[in-house]
Amino acid sequence: MNLVKNGTSPYQIILPVNAAPAERYAASELSHFLARMTGVELPVYGEHMPKMGPEVLIGHSRRTEALGLETQNLGEEAYSIAVKDGNLVIIGGSPRGTLYGVYGFLQDVLGFRFFAPGCTKVPKSSDITLDPALYLHDEPDFKYRESNYYHILDGATAARMRQNGAISRLKEEHGGKHAYVPGYYVHTFVTMLPPEEYYEEHPEYFALVNGKRTNEPHGKVCMTNPDVLKICTEKALAALRAHPEATIISISQNDGMDPCECEECQKVVAYEGSESGSILHFVNAVADAVAAEFPHVMVDTLAYVYSSKPPLHVKPRPNVQIRLCSYECCFTHPMGTCDLMPNNARHIREHSKFAEEIVGWGKLTNRLAIWDYVVDFEFYNQMHPNLHVLGPNMRFLKEHNVYSVFCESQGQGAGGEFAELRAYLLTRLMWDVNFDTDVGIQEFCDEWFGPASEFIQEYIAMITDAVLKSGWHLNLFDNPNAPYVTPALLEKADELFDKAEAAVADDTVRLQRVRKERLAVRFAKFFFPGLVSDREAEVEAYMADAASLGVTRFSAKWGRENVRRLALRGMWPPHADDMTVIPDR
Ligand SMILES: [Zn+2]
Ligand SMILES: [Zn+2]
């Protein structure tokens with residue numbers, strides 16, 4: 001079946017009557033990308049037009065019904081792609097599913113790759129021939145998929161990468177998203193029960209710590225006080241009434257330590273064998289009230305720090321999702337294969353319980369959500385060789401009943417180490433955990449770095465090998481001079497980057513991309529005195545180049561000026577008493 005032949009096509013794209021914005025957008029995206037591939041622009045019409053020839057049917061319509069294609073059994077984000085009686089049909093379980101079907105068709109049938117904004121691999125051809133028996137069904141491995149990498153947050157990019165999370169700027173035309181109630185994303189007890197409003201009159205609402213009710217802003221609340229439950233339930237319902245578009249509300253502990261030590265709370269904790277017990281009894285009660293008025297809304301809570309361990313008896317309600325965080329994972333080795341705490345976090349304890357906890361929670365609920373950390377938050381532009389664990393980790397999560405994945409990335413600004421590559425691999429994996437990241441790295445590098453691809457791939461393999469051989473267990477806060485970074489490694493890295501830069505010397509865009517990745521090597525050298533000749537000049541050149549290469553944020557913690565001073569000093573980490581955070585302006 002020839003969708004396009006010799007640069008012409010008899011096909012028209014047909015939309016259902018009263019097409020949803022996402023279906024219209026799906027049709028325009030398909031028409032746009034087919035034109036970029038073949039030079040032929042297929043017209044888009046509504047279903048009221050009489051049939052004039054073979055058609056591309058987008059979404060559920062009378063025409064698809066007449067062809068005997070049903071969508072009843074398709075999940076919201078699932079889709080089918082089929083050739084039927086000479087027509088091409090792309091149909092999803094919802095308008096969002098249909099839009100994903102268009103991207104699935106472009107990617108999996110035609111060979112498009114949506115690598116990054118401004119970088120789409122478009123196969124060029126004057127012909128598109130489809131198998132007359134083509135039938136393809138697909139759906140995502142995780143229901144909620146989100147990386148907050150800064151460069152993929154705009155709606156068009158997030159949709160092409162089939163992200164559906166709360167932070168992305170996805171509009172209705174992009175299929176919408178899972179939306180949290182504004183202000184109710186995480187650590188929400190402080191929002192519902194601000195100490196400045198309640199503490200003076202009702203200290204008993206707050207956690208008893210060392211014999212005293214605490215009122216510090218990140219403090220905890222008493223989980224068994226009935227008035228606390230009443231206030232939080234009313235606030236949650238009021239927030240949901242004010243935001244009918246919301247699909248999730250977080251009722252979750254504040255950041256930090258110190259749960260309530262009062263007698264009632266500790267009775268529940270003793271019975272449940274975990275602090276998560278007292279929290280979950282509380283959250284279940286709020287969730288029951290939410291279910292009665294907002295049956296479509298999910299109540300989200302944290303299993304975090306002191307509440308990570310699953311309870312012995314209570315189970316989350318069907319409308320409660322448990323968010324478990326991978327903050328204590330080693331990122332050198334895949335989840336479930338290494339229970340050692342990362343080197344930088346050994347002061348907490350020797351062994352991580354993360355894998356054990358995920359297995360435990362996965363048995364209690366089908367609504368397990370993971371908050372994973374995929375970059376180095378201490379310094380975004382340093383070598384963080386974790387690409388080899390991304391695939392195994394996603395497969396581990398899928399195996400243990402996880403349904404929602406949030407990859408905390410570099411959300412505050414652009415320009416981190418391999419940000420575009422890592423975002424591409426993560427978004428593909430969140431859709432399909434069996435996506436082959438080796439192929440993904442190669443395909444991405446060939447397009448993104450062009451003739452420099454082989455040298456960059458060799459560099460990635462080299463730094464991965466270095467961290468594996470060093471015995472270092474990567475953490476989310478490793479320093480630029482972590483032990484896997486050595487002078488010998490930096491010397492070899494320089495050789496590879498010299499070759500990479502030479503290979504793209506005539507290609508300004510790709511040269512910039514190569515030089516951006518080289519920033520990791522340049523910065524690491526500041527911490528090896530023998531590798532720096534004129535420190536001041538090199539640091540100033542680094543800072544200027546980083547800015548011109550698009551780095552807008554260096555660290556989750558440190559500002560630009562801190563980074564400059566640390567490089568001048570050649571010492572990391574800073575001692576707490578000699579450097580305060582200087583925020584970026
Ligand atoms: Zn208490
Ligand atoms: Zn490890």
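Let's start with a metal: the zinc ion (ligand 1) is held by four protein donors, Cys222 (SG), Cys260 (SG), Cys262 (SG) and Cys265 (SG), which lie 2.3 to 2.4 Å from it. Keep in mind that this is a predicted model. Why is this arrangement called tetrahedral? The 4 donor atoms subtend angles of 105 to 115 degrees around the zinc ion (ligand 1), and that makes it tetrahedral, because four donors earn that name if all angles lie between 85 and 135 degrees.

Along the chain, the donors of the zinc ion (ligand 1) follow the spacing C-x37-C-x1-C-x2-C. Cys222 sits in the loop between strand 13 (212-213) and helix 7 (226-242), while Cys260 sits in the loop between strand 14 (248-250) and helix 8 (263-272), so this pair ties together parts that are 38 residues apart in sequence.

Now for the other zinc. Which residues coordinate the zinc ion (ligand 2)? They are Cys330 (SG), His333 (ND1), Cys338 (SG) and His473 (ND1), at 2.1 to 2.3 Å. Their spacing along the chain reads C-x2-H-x4-C-x134-H. The 4 donor atoms here subtend angles of 103 to 122 degrees, which makes the zinc ion (ligand 2) site tetrahedral too.

On to the helices. Here are three pairs and how they pack:

| Helix pair | Angle | Axes |
|---|---|---|
| Helix 8 and helix 9 (residues 275-293) | about 110 degrees | 7 Å apart |
| Helix 13 (residues 437-448) and helix 14 (residues 453-470) | roughly 140 degrees | within 8 Å |
| Helix 14 and helix 15 (residues 487-503) | about 165 degrees | 9 Å apart |

Take helix 8 and helix 9. Are they roughly parallel or roughly perpendicular to each other? They are roughly perpendicular, because angles of 65 to 115 degrees count that way. Their crossing is right-handed. Cys265, Gln266, Val268, Val269 and Glu272 in helix 8 meet Glu275, Gly277, Ser278 and His281 in helix 9. Sorted by class, that contact has 3 nonpolar, 4 polar and 2 charged residues. Cys265 may look familiar, as it is also one of the donors of the zinc ion (ligand 1).

Next come helix 13 and helix 14, whose axes cross at roughly 140 degrees. That makes helix 13 oblique to helix 14. The crossing of helix 13 and helix 14 is right-handed. From helix 13, Ile441, Gln442, Cys445 and Asp446 meet Ser453, Ile456, Gln457 and Ile460 of helix 14. By class, this contact of helix 13 with helix 14 holds 4 nonpolar, 3 polar and 1 charged residues.

Helix 14 has another partner, helix 15, and they pack at about 165 degrees. That makes helix 14 roughly antiparallel to helix 15, since angles over 145 degrees count as roughly antiparallel. Helix 14 passes helix 15 in a left-handed crossing. Phe455, Ile456, Glu458, Tyr459, Met462, Ile463 and Ala466 in helix 14 meet Leu489, Lys492, Ala493, Leu496, Phe497, Lys499, Ala500 and Ala503 in helix 15. How many polar residues does the contact of helix 14 with helix 15 have? It has no polar residues, with 12 nonpolar and 3 charged ones. Ile456 of helix 14 meets helix 15, and Ile456 is also among the residues in the contact with helix 13.

Methods:
Residues numbered from 1 in each chain as written. Chains lettered and ligands numbered in written order. Predicted model: local features only at pLDDT ≥ 70, side-chain atom pairs only at ≥ 80, totals over all residues. Heavy atoms only, no water. Axes fitted to C-alpha atoms, helices over the stretch in contact; angles between N-to-C directions. Helix = DSSP H or I, 4+ residues; strand = E, 2+ residues; numbered from the N terminus. Parallel < 35°, antiparallel > 145°, perpendicular 65-115°, else oblique. Left-handed = near helix turned anticlockwise from the far one by under 90°. Contact = heavy atoms within 4.5 Å. Nonpolar A, V, L, I, M, F, W, Y, C, P; charged D, E, K, R; others polar. Donors = N, O, S within 2.8 Å, 3.2 Å for Na, K, Ca; no water. Tetrahedral: all angles 85-135°; square planar, octahedral: opposite > 155°, others 65-115°.
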